[in-house]
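Me: Please take a close look at one part of this model, the cluster of aromatic rings. I would like to know which residues form the cluster and how the rings are placed.

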Amino acid sequence: MAFFTYKYFSGEKENTTEYGSNLIQEQIKNVGKLVVTEGHYSQVLTFKDKDSYFGGLVSFDKKAIVVANSDVSVMYDLRQMKYEVDEENKTIRIVSIPKEEIKISPDIQYYDIEQSKFNEFTGADFNNIAKKVKLDLAKKIEKSTLKSNAQNRLISELSKILLVTHSVGWKVEYKGEEIKSENEFKI
């Protein structure tokens with residue numbers, strides 16, 4: 001009878017630790033979905049090109065008005081986050097958080113296209129316009145609050161891990177420091 005009583009109480013203790021560890025790992029998997037912040041940008045560009053011959057005496061022009069409506073997504077793929085579970089010390093160590101990914105999806109419309117028979121629009125022209133639109137947008141994104149909004153959303157998602165770990169008596173460490181509140185996450 002004493003053996004069964006011992007087994008019952010010692011087995012319960014092991015399950016509690018395992019439950020805490022499994023619950024935390026499940027929460028990390030749930031947070032592992034992409035964290036996304038989206039923005040929408042519009043811009044109007046004028047594209048001009050001129051082919052000149054005979055020292056500029058003869059030229060063939062082409063031009064177009066380009067309207068680009070772009071959806072921009074800033075995301076973190078937390079499935080790539082690296083972490084360690086230290087069951088003995090009841091600690092989750094976040095080793096690394098992946099860098100944000102920026103996806104620019106432009107919808108480009110061309111208006112008022114004028115071209116010469118000798119200087120027509122080509123696929124390379126359209127590709128160069130699309131590249132320029134993306135480069136201009138990348139500069140605007142750097143100056144905007146889109147990335148900082150995404151970081152705030154990331155910290156909000158990471159705080160869910162913090163909440164679960166604290167609720168089962170565990171702690172979280174990141175960059176060698178114990179994280180006790182959402183404000184202590186420095187990305």
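Reply: What follows goes from the chain as a whole to the aromatic cluster. The model is a predicted one. Its chain has three helices and seven strands, in the order α-β-β-β-β-β-α-α-β-β from the N terminus. Of the 187 residues, 34% are buried.

The chain holds four aromatic pairs. In one of them, Phe 47 and Phe 121, the ring centres are 5.6 Å apart and the planes stand at 45 degrees, so this pair is tilted. Phe 47 belongs to strand β1 (residues 34–53), while Phe 121 is in the loop between β5 (101–114) and α2 (123–143), so the pair ties together parts 74 residues apart in sequence. Both count as buried because the cut-off is under 20% relative accessible area: the value is 18% for Phe 47 and 13% for Phe 121.

Phe 121 also pairs with Phe 126. Here the centres are again 5.6 Å apart, but the planes are at 20 degrees, and the pair is stacked. Phe 126 has 29% relative accessibility and counts as partly exposed.

Together with Tyr 110, these residues make up the cluster: ring pairs link Phe 47, Tyr 110, Phe 121 and Phe 126. A charge is placed at the cluster as well, since the charged end of Lys 62 sits over the ring of Phe 121, 5.4 Å from the ring centre. Phe 121 thus has a tilted partner in Phe 47, a stacked partner in Phe 126 and the charged end of Lys 62 over its ring.

Key
Residues are numbered from 1 along each chain as its sequence is written. This is a predicted model: local features need pLDDT of at least 70, side-chain atom pairs count only at pLDDT 80 or more; totals for chains, interfaces and linings use all residues. Side-chain values use heavy atoms; hydrogens and water are left out. Helices (H or I, at least four residues) and strands (E, at least two) are DSSP runs, numbered from the N terminus. Buried means under 20% relative accessible area, exposed over 50%, partly exposed in between (1.4 Å probe, protein chains only). Rings of Phe, Tyr and Trp (its six-membered ring) pair if their centres lie within 6.5 Å; planes under 30 degrees apart count as stacked, over 60 as edge-to-face and the rest as tilted. A charge sits over a ring if NZ of Lys or CZ of Arg is within 6 Å of the ring centre and within 35 degrees of the ring normal.
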